[in-house]
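Visitor: I have a structure open and want to learn how to read it. Where should I begin?

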Amino acid sequence: GTTTPISFVHDVLFPYVLTNLDAFLARVGSDSVLDAIVDSIRQQAAKDAGDSSLPPGLPAVLPSDTPDRAALAASVAANIRWQMAFDRKIAPLKDLQGYMWRTAYQSGEVKATVYPDVVDALRRWRDLGVPVYVYSSGSVPAQKLLFGYSDHGDLLEYFQGYFDTTTGSKLEAESYRRIAAATGANPADVLFLSDNVKEIDAAAAAGLSVAIVWRTGNAQLEPAATGAVGSQQQARGGSGATVPVVYSFDELFARTADFSVASSAAAAK
């Protein structure tokens, strides 16, 4: 919803996992990388058993020493489908998805869609010497696959680093403080872009400059002033603060003053 259409994730990437999950998990016991991921899924399932806030029907994952390998794989598949049904964003699930997508990208079966204005902005930032980082709920390997196998070619040269949920939840301000510290940047000098207003609120609370990116297919925004989506330049964040809206990365080079001012107001909320 920010650099890539939401439809690419929901209509291409997620269905690929669900369609190929059973066949992929048949490799359990013969693929050390997959076995490590499954072990983390098993540990997560054990934790989930005591969490009443999760949706009902949690499938248990069988122990690693289960003699029936097909039954073991089936238990993992059931757990993964249960998690994907409510679009969970945790590391074990994202690690498995990313590992499966690697096969799809490398075979040419899947090619990521990246908005053209994003590619233009990446080139301009590189020419200006501005470092660019990715922070996504998708795993770092999955991020590199998406930008490495895009419909505009390999875009990895434009990024200086990657962050995922191992840094922390995207809904917590502390995660953004950690990222600013890791990059060596003053939080106020970092512009965070997202289509998710809750992420915007968390980043603003950490002192980052922010802007909401709205694309066709994204969730509707609450206007801060009169104006329909497609023309409004501000929207209400989840905290009620006024946050700038951009419809193309091209705007980022013409409205730089909007972001720092709006972010100061958001953080003050």
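Guide: Begin with helix packing. Axes are lines fitted to C-alpha atoms, for helices over the stretch in contact. Two packed helices are described by the angle between their axes and the distance between the axes. This model is predicted. In it, helix 1 (residues 6-25) packs with helix 4 (residues 91-107) at about 95°, and their axes lie 10 Å apart.

Visitor: How is helix 1 oriented to helix 4, then?

Guide: Angles of 65 to 115 degrees count as roughly perpendicular. Helix 1 is therefore roughly perpendicular to helix 4.

Visitor: Which residues of helix 1 and helix 4 meet?

Guide: From helix 1, they include Phe8, Leu13, Phe14 and Phe24. From helix 4, Leu96, Met100, Trp101 and Lys94 are among them. By type, the residues of this contact are 13 nonpolar, three polar and one charged.

Visitor: What does the whole protein contain?

Guide: Its secondary structure comes to nine helices and seven strands. Of its 269 residues, 47% count as buried. The exposed area is about 12,700 Å², with 53% supplied by carbon and sulfur atoms.

Visitor: Where is the pLDDT low, and how should I treat such places?

Guide: Where pLDDT is low, the predicted coordinates should not be read in detail. Here the protein averages a pLDDT of 90, and 89% of the residues score at least 70. Among the elements, strand 1 (residues 133-135) has the highest mean, 98. Helix 9 (residues 256-268) has the lowest, 52. Over residues 261-269 the pLDDT is below 50. Residues 225-231 also stay under 50.

Key:
Residues are numbered from 1 along each chain as its sequence is written. This is a predicted model: local features need pLDDT of at least 70, side-chain atom pairs count only at pLDDT 80 or more; totals for chains, interfaces and linings use all residues. Side-chain values use heavy atoms; hydrogens and water are left out. pLDDT is the predictor's confidence in each residue, from 0 to 100. Helices (H or I, at least four residues) and strands (E, at least two) are DSSP runs, numbered from the N terminus. Contact means heavy atoms within 4.5 Å. Axes are lines fitted to C-alpha atoms, for helices over the stretch in contact, and angles run from 0 to 180 degrees between N-to-C directions. Angles under 35 degrees count as roughly parallel, over 145 as roughly antiparallel, 65 to 115 as roughly perpendicular and the rest as oblique. Ala, Val, Leu, Ile, Met, Phe, Trp, Tyr, Cys and Pro count as nonpolar, Asp, Glu, Lys and Arg as charged, and the others, Gly among them, as polar. Buried means under 20% relative accessible area, exposed over 50%, partly exposed in between (1.4 Å probe, protein chains only). Accessible areas come from the Shrake-Rupley method with a 1.4 Å probe; for residues, only the protein chains shown count as cover.
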